[in-house]
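Here is a short note to read beside the model. Keep the structure open and find each residue as it comes up.

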Amino acid sequence: MTNKDTIIALATASGAGAIAVLRVSGPKAISVSNTLFKSIHDKNLLNQPTHTIHLGHIVDVDRVLDEVLVSIYKNPQSYTGEDVVEISCHGSSYIQQEILQLFIRNGCRSANPGEFTLRAFLNGKMDLSQAEAVADLIASDSAAAHQIAMQQMRGGFSSEIKKLREELLNFASLIELELDFSQEDVAFANKKELEILVQQLQLKTNILLESFKLGNVIKNGVQVAIVGKPNAGKSTLLNTLLNEQRALVSEIPGTTRDTVEELLNIDGVLYKLIDTAGIRQQTGDVIEQMGIDKSKEKIIQADIVIALFDVNTATPEQIHTWEKEIGLDKIILVGNKMDLTTANIVTNFNNFKNIVFISAKDKNNIEALKNAITQKVVGDQLKKEGTIVTNARHVSSLKKLLLALNDIETGLIQNVTGDLLALDIRQALHYLGTITGEITSEDQLDFIFSKFCIGK
Ligand code: GDP
């Protein structure tokens, strides 16, 4: 990893657009740009202050490639912490490539995926979890995913981890000080306080780990299965939810329509409807005799299951079986075809919690169903303060941290010597450091940043 060379990449999406932005970063960014850019006011880019924009042409010897705007950011006041030049050119793929190649011929190198952000990390502009959030932000496709990535990028998660780390570091130094003075039998660290701190850290770590359940589904979309007997109204409900009428619904079980994965956005969270082709084809989806064998796979795969039944024919006993087989944490019971019945049929199902009555056909009470879905998946967690973990790498570090904290706790109970205690504390500090990148390896950085897009 060397920051000595100057890198260039297209920062905007590839393909034609109104405008494209090429980003150059490194020690020669301004000087190379100055050679290839002819300002309309004859400005020398080397003499321009940081955060300024200049109009001119990119010229390859005597051939004018494009009229462009060049923005200058001088180190360390840039995204990467190095000298950065951003060239806004006209967005034809041809122009983009010509300028890119021209800069490469003049001493720049084509950037690797995520290399700008990697440099930002290496130059201390952001920590590792913030850098990872940049990738999440670019990939976010719902309001909730965006909110979490934004919070992480702005350092919400990092500052929580840093706080934990500082508190523990304080103890580590006190205990190590004690070891230096071991002959003199002095105690700097208060073991009782350490015990309390470790318990607090365990609690916080557990809360963070717990938040991943939500964080993960928000980042990747919540998998939803709609199951129920043939003719319960699954297909009709699907259409109502998707707010489209183009799907075919018929009286005859087996209405077909090929379909791709269907997405639903409810209150800013993205839901992925599983096997909607199955629903429409009425195959492999049937809960025959209220047994769920054929739908099992789908139910296992799903984060939540909408168990749809016809209120006019289903019995409480059958519904009870569903609850047992699907599990209370996943199931949302939905009684359909309320338009064909009187409201008092609802009393048959009084014993069930998490139950919604709708008419899929008349689009009645669909909002209540959507609210029940949001409540089941998100609850009040997004409104609450506090960090939501979305990154599997962080989860792995937090799990190891928890084990190290447990070791400290056991050590304290067993009254082990200070040097052993210090070792366990160092271990816990290590895992905290891996999240923010205080402790990292080249392999790990390669792995993380290779998942970025080029130009970021
Ligand atoms: P699926 O086999 O579970 O996918 O059921 P469909 O969605 O194909 O619906 C079967 C039949 O029930 C169709 O004739 C629908 O029009 C009808 N149906 C679905 N939902 C309702 C509803 O809420 N009220 C009434 N009256 N009929 C419905």
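1. Leu69 sits in strand β5, which covers residues 63–73. This is a predicted model. With a relative accessible area of 37%, Leu69 is partly exposed, because that value falls between the 20% and 50% cut-offs. Leu69 also belongs to a nonpolar surface patch, together with Ile40, Ile53 and Leu55. The accessible area of the four together is about 340 Å².

2. Now the chain as a whole. The protein chain has 15 helices and 13 strands. Of its 456 residues, 49% are buried. About 22300 Å² is exposed, and 52% of that comes from carbon and sulfur atoms. Take the contacts between residues at least 6 apart in sequence: 66% of them join residues at least 24 apart.

3. Helix α13 is worth a check. It runs over residues 392–413, which makes 22 residues. At 1.5 Å a residue, the helix should span 32 Å. The C-alpha atoms at its ends are 32 Å apart, so the model agrees with the expected span.

4. Look at the two ends of α13. At the start, a side-chain oxygen of Asn391 comes to within 2.7 Å of the backbone nitrogen of Arg393. After the helix comes Asn415, with a positive phi near 55°.

5. Which residues of α13 are buried? Among them are Arg393, Val395, Ser397, Leu398, Leu401, Leu405, Ile408 and Leu412. A rule helps in reading such a list: an α-helix has 3.6 residues a turn, so residues three or four places apart point the same way. The cover over the buried residues of α13 includes α4, α5, α6, α7, α14 and α15.

6. Thr434 is in helix α14. Its relative accessibility is 10%, so Thr434 counts as buried, being under 20%. Setting aside neighbours within four places in sequence, Thr434 is in contact with Leu128, Arg393, Ser397 and Ile439. Arg393 and Ser397 are also among the buried residues of α13.

7. Asn34 is in helix α1, residues 29–36. Asn34 counts as buried because its relative accessibility is 17%. Beyond neighbours within four places in sequence, it is in contact with Lys43, Asn44, Leu45 and Leu46. Asn34 and Leu45 are 11 residues apart in sequence, yet their C-alpha atoms are 5.4 Å apart.

8. Turn to charge. Side chains of opposite charge can pair when their charged atoms come close. The structure holds 16 salt bridges. One of them joins the side chains of Arg109 and Asp5, at 2.7 Å from N to O. Arg109 is in strand β7 and Asp5 is in the segment before β1, so the pair ties together parts 104 residues apart in sequence. Arg109 is partly exposed at 28% relative accessible area, and Asp5 is partly exposed at 22%. Both belong to a salt-bridge network with Glu82, Glu115 and Arg119.

9. Asp60 and Arg105 form another salt bridge, at 3.1 Å from N to O. Asp60 lies in strand β4 and Arg105 in helix α2, so this pair ties together parts 45 residues apart in sequence. Asp60 is buried at 17% relative accessible area, whereas Arg105 is exposed at 54%.

10. What is the distance between the closest N and O atoms of Arg165 and Glu438? It is 3.9 Å, and the two form a salt bridge. The pair links distant parts of the chain, 273 residues apart: Arg165 is in helix α6, and Glu438 is in the loop between α14 and α15. Arg165 is buried at 17% relative accessible area, while Glu438 is partly exposed at 43%.

Terms used: Residues are numbered from 1 along each chain as its sequence is written. This is a predicted model: local features need pLDDT of at least 70, side-chain atom pairs count only at pLDDT 80 or more; totals for chains, interfaces and linings use all residues. Side-chain values use heavy atoms; hydrogens and water are left out. Helices (H or I, at least four residues) and strands (E, at least two) are DSSP runs, numbered from the N terminus. The expected span of a helix is 1.5 Å times one less than its number of residues. Buried means under 20% relative accessible area, exposed over 50%, partly exposed in between (1.4 Å probe, protein chains only). Contact means heavy atoms within 4.5 Å. A polar contact is a pair of N or O atoms within 3.5 Å; within protein, one must be able to donate a hydrogen and the other to accept it, and residues adjacent in sequence count only if both atoms are side-chain atoms. Patches are made of residues with over 30% relative accessible area and no salt bridge: like charges are joined within 9 Å, nonpolar side chains (Val, Leu, Ile, Met, Phe, Trp, Tyr) within 5 Å. Accessible areas come from the Shrake-Rupley method with a 1.4 Å probe; for residues, only the protein chains shown count as cover.
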